[in-house]
Amino acid sequence: MTWSVMHYTDPDVPLAQADEDKLLGFDPPVIDEQGKFMAVQINLTLGTASYATMALREITKTDTSSHYQTGLTNA
């Protein structure tokens with residue numbers, strides 16, 4: 001697992017580049033170190049029958065239910 005903290009200005013622009021975008025030659029997302037928004041980008045390599053949501057729940061010790069996450073977004 002690797003992770004990085006990134007800042008950005010436009011919440012409607014993707015923060016990660018899909019493999020297909022790379023193959024098609026699209027430019028990677030622009031990260032603005034002075035941006036007012038902050039995100040954590042996590043890269044995981046999981047085995048068969050492993051789920052990223054469960055790994056994130058264990059790492060963050062946070063409820064991953066949609067109800068709880070919606071409350072965070074609204075706050």
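This is a guided tour of a predicted model, moving from the whole chain to single residues and then to a pocket.

**The whole chain**

Begin with the full protein in cartoon view, where the secondary structure comes to three helices and two strands. Followed from the N terminus on, these elements run in the order β-α-β-α-α. The C-alpha atoms fill a box of roughly 35 × 35 × 20 Å when it is taken along the principal axes. The radius of gyration of the protein is 15 Å, whereas a compact globule of 75 residues would have one near 11 Å.

Now switch on the surface, of which the protein exposes about 6300 Å², with carbon and sulfur atoms supplying 55% of that area. Buried residues make up 5% of the 75 residues. If you then display contacts between residues at least 6 apart in sequence, 64% of them join residues at least 24 apart.

**Select L15**

The next stop is L15, which lies in the loop between β1 (2-8) and α1 (19-23). Is this loop residue buried, exposed or partly exposed? L15 is partly exposed, because its relative accessible area is 25%, and a residue would have to be under 20% to count as buried. Show its surroundings and, setting aside residues up to four places away in sequence, you will find that L15 touches M6, Y8, P29, I31, A39 and Q41. To see one of these pairs across the chain, draw a C-alpha to C-alpha distance from L15 to A39: the two are 24 residues apart in sequence and 8.6 Å apart in space.

**Move to Q41**

From L15, step to its contact partner Q41, which is found in strand β2. Q41 counts as partly exposed, because its relative accessibility is 25%. Leaving aside neighbours within four places in sequence, Q41 is in contact with T2, W3, S4, M6, L15 and A16. A C-alpha to C-alpha line from Q41 to V5 spans 6.3 Å in space, although these residues are 36 apart in sequence.

**Two loop residues with positive phi**

Most residues other than glycine have a negative phi. With that in mind, select A49, in the loop between β2 and α2, where phi is near 65°, a positive value in a residue other than glycine. A49 is exposed, because its relative accessible area is 65%.

Then select K61, whose place is in the loop between α2 and α3 (66-74). Here phi is near 55°, again a positive value in a residue other than glycine. K61 counts as exposed, because its relative accessibility is 66%.

**The largest pocket**

Rolling a probe the size of a water molecule over the atoms shows where empty space is left. For the last stop, select V40, I42, L44, A52, L56, R57, I59, T60, T62, D63, T64 and Q69 together, since these residues line the largest pocket. Two elements, β2 (37-43) and α2 (52-60), give two or more residues to this lining. Which element supplies the largest share of the lining? That share, five residues, comes from α2. About 180 Å³ of space lies in the largest pocket. Coloured by class, its lining has six nonpolar, four polar and two charged residues.

Methods: Residues are numbered from 1 along each chain as its sequence is written. This is a predicted model: local features need pLDDT of at least 70, side-chain atom pairs count only at pLDDT 80 or more; totals for chains, interfaces and linings use all residues. Side-chain values use heavy atoms; hydrogens and water are left out. On a 1 Å grid over the protein atoms alone, a cavity is a set of points where a 1.4 Å probe fits but cannot get out, and a pocket is an open set with protein on both sides within 12 Å along at least five of seven lines; lining residues have an atom within 4 Å of a point. Grid points are joined across faces, edges and corners, and a volume is the space filled by probe spheres set on the points. Helices (H or I, at least four residues) and strands (E, at least two) are DSSP runs, numbered from the N terminus. Ala, Val, Leu, Ile, Met, Phe, Trp, Tyr, Cys and Pro count as nonpolar, Asp, Glu, Lys and Arg as charged, and the others, Gly among them, as polar. The radius of gyration is taken over C-alpha atoms; the globule rule is 2.2 Å times the number of residues to the power 0.38. Buried means under 20% relative accessible area, exposed over 50%, partly exposed in between (1.4 Å probe, protein chains only). Contact means heavy atoms within 4.5 Å. Accessible areas come from the Shrake-Rupley method with a 1.4 Å probe; for residues, only the protein chains shown count as cover.
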